[in-house]
Amino acid sequence: MQTMTMNPVSDPSERFLDALTDAQRSAVTHTEGPLLILAAAGSGKTRVITRRIAYLLSLGIPPWQILALTFTNKAAAEMRERVATLLEAEPESDRLTRGLTVTTFHSLCARLLRRYAAHMEGMPNWRTKPDYTIYDMDDQSALMKRVLKELELDKSQWQPRAVLSAISGAKNALQSPDEFQAQSSDYYSNTIARIYHAYERALRAANAVDFDDLLLLTVDLLRRNETARAEVQDRWRYLMIDEYQDTNQAQFILSTLLCGSNSASGVGGVRGVRGVGGVGGQPNVCVVGDPDQSIYGWRGADISNILDFESTYPGAHVIALGQNFRSTAPILAAADTLIRNNSKRKHKDLFTTREGGSPPTVVLCQDEHHEAKLIVDWLRALHDQALPDDDPDASSLTWKDMAIFYRNNALSRVLEDECRGAGIPYVIARGTAFYQREEVKDAIAYLRVVANTADDVSLRRIINKPARKIGKTTIDRLDTFAAHHELSLFKALHAADQAQDISPAACKAVAKFTGMIDSWNAGGTFMGSDIPASLADLVSRVISESKLEDHYIAASKKREDDAQKLENLRELVSSARDFELEFDPTNDPALADVPADPTQPIDEADTPPLLVMLRAYLESIALVADADAIDPTAGAITLMTLHAAKGLEFPAVAMVGLEEGLLPAQRALASEDELEEERRLAFVGITRAMSHLTISSARYRTHRGLRERTIPSRFISELPEGGITLSDQTDAYDDTARDWGAPGGGADFDNTNTPASRFKPGNRKPTPKLPGELSYEREVPDIHNLAAGATVRHPQFGVGVVASISSRGMNARATIEFRDAGKKTLVLQYARLEILE
């Protein structure tokens, strides 16, 4: 089929090239042959893509010959809408876009598979009819559970989602079950191959495909069937791909097959396929992306697709869009200086015409609580700042103009607490509030049963989670037994050996479960030497002894999302520790068992102290969802991961947790490729900021209830010398503060051989507090008047005698022999001790 032309739109240069920069204009008007558009963050790439489509139409290119691919339905819809808006003033604008294809990779593949289903009969991987069903993740998980049951594989050992993730990786690498089997060399991979075969048979029986199949089968179709391949190449003569740095192997091969590149031949394609109407036989393929924003390697994205574009398409033209329309010059300079430390990139000069702007601030904090307070205070100051009288165009920032980014979801908990305490509205973007996350709710359900064994709803949630061989049939029979004898389900569990048709194995599993609960609450009495010494200790034991921790440790080796869940469980221990330090039962009028005399120790009350603490903690969590309503018209601060932030922009951005092991992540420290991806992730975060940027690093961060010393992220040292403001808000009386000197105007580490552990000493300068920052200093007991032998009172543990004191300053600890609670070692900074004599 020859390339057709339609009547061109009038005066395209005026309509579609107006107000474009020279680089943007070149990208729009370069229509023939392979083209790589290196689009820096905030450079207007969507504008270029949509103007380029409109420009092609203005030249008389039929709309059905243009194909634009992106990754999300939202992005595709926005592009279609923008093109329609550009053309709405033209006569017969509807006709100009009829047949134009702007869609996602998966939507395109679904269409092609339905259209060419008849051509795939007899092909090795084909197993569906044109009316196939597309399974989403829940459907896939349900099917996988059935498959695992048929294969007699334990779901606790072979987690359905982890297995599906492994199979997804194989499909994105275009590996069939047989091909995956052929390269399997150990028990794990051989078992995955066995499951992969069974899963594919189950999909075939259900006439279904999953999302990965859409790509795999379409590639197989276009490789093997010349008729289908020729038709799609003849129809779409102009191919555009957005976010090309995020394409995986399957999407790369699909794109080469769509445009007829010989690159597909090296992986099973057909040599000699002609180009799609390009110059000199080269296809008209235009890809848009930025290697510096490639942050999805962990889910299969291959940065080499964009880095090797010129090798894939010899003679390709490259246009760099370096002008940033989003960020001020100081913010852009910080991002540019940081990303230049990567080697796997295509350099482009970044610049902006936005004048002025304050430099980014790097704030050094005491701990995660101090960090959260400083960030929230800073955002409130921006929200409340007065507008200058001499600038009529100035406008104050609303809450919706602000965002807080973090590397791991677990970091949101302290930030959420601070926002709630400050009465500032917030939303969790593309995620779930901390206490609503599945793994956290599971742990809380355990705690609710510990506090109240009659809580059947919580008990049903955790009785077989993780799997402990207490199946639905057993639970149903115990339900019947409980109803007949008017017992709670937990009491029925204790009497399982008296119930009918409960197997010895099930009775043993039930007895082990009830024994575990009883060990945590001493059969409901909360008394005895084996009872946890603190709330944090109880939460830690529950997570460990319930096997929730082991479950996610095993799962995290196969799936990164489960590693995040493990961190969230550990953060729950820190949450319990924080609550314990701040809890004062005498201030809670709801606790009837607390004596009216506030000087009387809690231990002398009838209710065991740990139960009082646990009940109060669970109540505080339950009330989080019932916070006072806040005016929605004022918007809300957005809390989100750095990965979720990609493609967005905010006038004010805070990035928290820039520490070794967080950003960059721990797993990246042993791999240069992964370290570069972590640096790209930091770059993405910085370039989301339009006018205000604060980056924070905490001296100490609590991990699983333990306060641990951190190492500042090497990325701080890679920010421009003289291009940032360093605000050191760590304790002046803490000896370790000397480790964090403040180089003039920038941050500097010695990164020669190992991750930096400190700022260069000797350059410490007084630095002002952040704008609007409130004073934040914990009250530390006067330890000069506290000595061994002193009698003290603790709000939870009661009266005791100091046995010894170790260290001084921020880390001072006292070992105290309490009359009723026994020996405890407390951090004086948090202990809230009253010296009695």
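These legends describe several close-up views of a predicted model.

**Figure 1. The whole protein.** The chain has 837 residues, and 56% of them count as buried. Its fold contains 31 helices and 22 strands. Consider the contacts with a separation of 6 or more: residues 24 or more positions apart account for 74% of them. About 36,000 Å² of the protein is exposed. Carbon and sulfur atoms supply 48% of that area.

**Figure 2. Helices α8 and α11 pack against each other.** Helix α8 covers residues 160–172, and helix α11 covers residues 211–224. Their axes lie 9 Å apart, at an angle of about 20°. Angles under 35 degrees count as roughly parallel, so α8 is roughly parallel to α11. The crossing of the two helices is left-handed. From α8, the contact uses Ser 168, Lys 171 and Asn 172. From α11, Asp 212, Asp 213, Leu 215 and Leu 216 take part. By type, these contact residues divide into 2 nonpolar, 2 polar and 3 charged.

**Figure 3. Ile 253 in helix α13.** Helix α13 runs over residues 249–259 and holds Ile 253. Ile 253 has a relative accessible area of 1%, so this residue is buried. Leu 216 is 37 residues from Ile 253 along the chain. Between their C-alpha atoms the separation is 9.8 Å. Leu 216 also appears in the previous view, as one of the α11 residues in contact with α8.

**Figure 4. Thr 70 in strand β2.** Strand β2 spans residues 66–70, and Thr 70 belongs to this strand. Relative accessibility is 2% for Thr 70, so the residue counts as buried. Which residues does Thr 70 contact, leaving aside its neighbours within four places in sequence? They are Ala 75, Ala 76, Met 79, Thr 103, Thr 104, Phe 105 and Asp 242.

**Figure 5. Arg 413 in helix α18.** Helix α18 is made of residues 412–422, with Arg 413 among them. Is Arg 413 buried or exposed? Arg 413 is buried, because its relative accessible area is 2% and the cut-off for buried is under 20%. Residues up to four places away in sequence are not counted in the contacts that follow. Arg 413 touches Phe 434 and Tyr 435. Arg 413 also touches Glu 571, Ser 574, Ser 575 and Asp 578.

**Figure 6. Helix α24 and the residue Lys 547.** Helix α24 takes in residues 535–545. Of its 11 residues, 8 are buried, so the helix is largely enclosed by the rest of the structure. The buried residues of α24 include Leu 535, Ala 536, Leu 538 and Val 539. Ser 540, Arg 541, Val 542 and Ile 543 are buried too. Lys 547 comes just after α24 and takes a positive phi of about 75°.

**Figure 7. Ile 637 in strand β12.** Strand β12 consists of residues 637–641, and Ile 637 lies in it. With a relative accessible area of 0%, Ile 637 is buried. Leu 379 is 258 residues away from Ile 637 in sequence. In space, the two are 8.9 Å apart, C-alpha to C-alpha. Ile 637 and Leu 379 also touch. Residues up to four places away in sequence are again left out of the contacts. The other residues that Ile 637 touches are Trp 399, Met 402, Ala 403, Ile 404, Ile 424, Pro 425, Tyr 426 and Val 427.

Note on methods
Residues numbered from 1 in each chain as written. Predicted model: local features only at pLDDT ≥ 70, side-chain atom pairs only at ≥ 80, totals over all residues. Heavy atoms only, no water. Axes fitted to C-alpha atoms, helices over the stretch in contact; angles between N-to-C directions. Helix = DSSP H or I, 4+ residues; strand = E, 2+ residues; numbered from the N terminus. Parallel < 35°, antiparallel > 145°, perpendicular 65-115°, else oblique. Left-handed = near helix turned anticlockwise from the far one by under 90°. Contact = heavy atoms within 4.5 Å. Nonpolar A, V, L, I, M, F, W, Y, C, P; charged D, E, K, R; others polar. Buried < 20%, exposed > 50% of the residue type's maximum accessible area, 1.4 Å probe, protein only. Areas by Shrake-Rupley, 256 points an atom, 1.4 Å probe, with all protein chains shown as cover.
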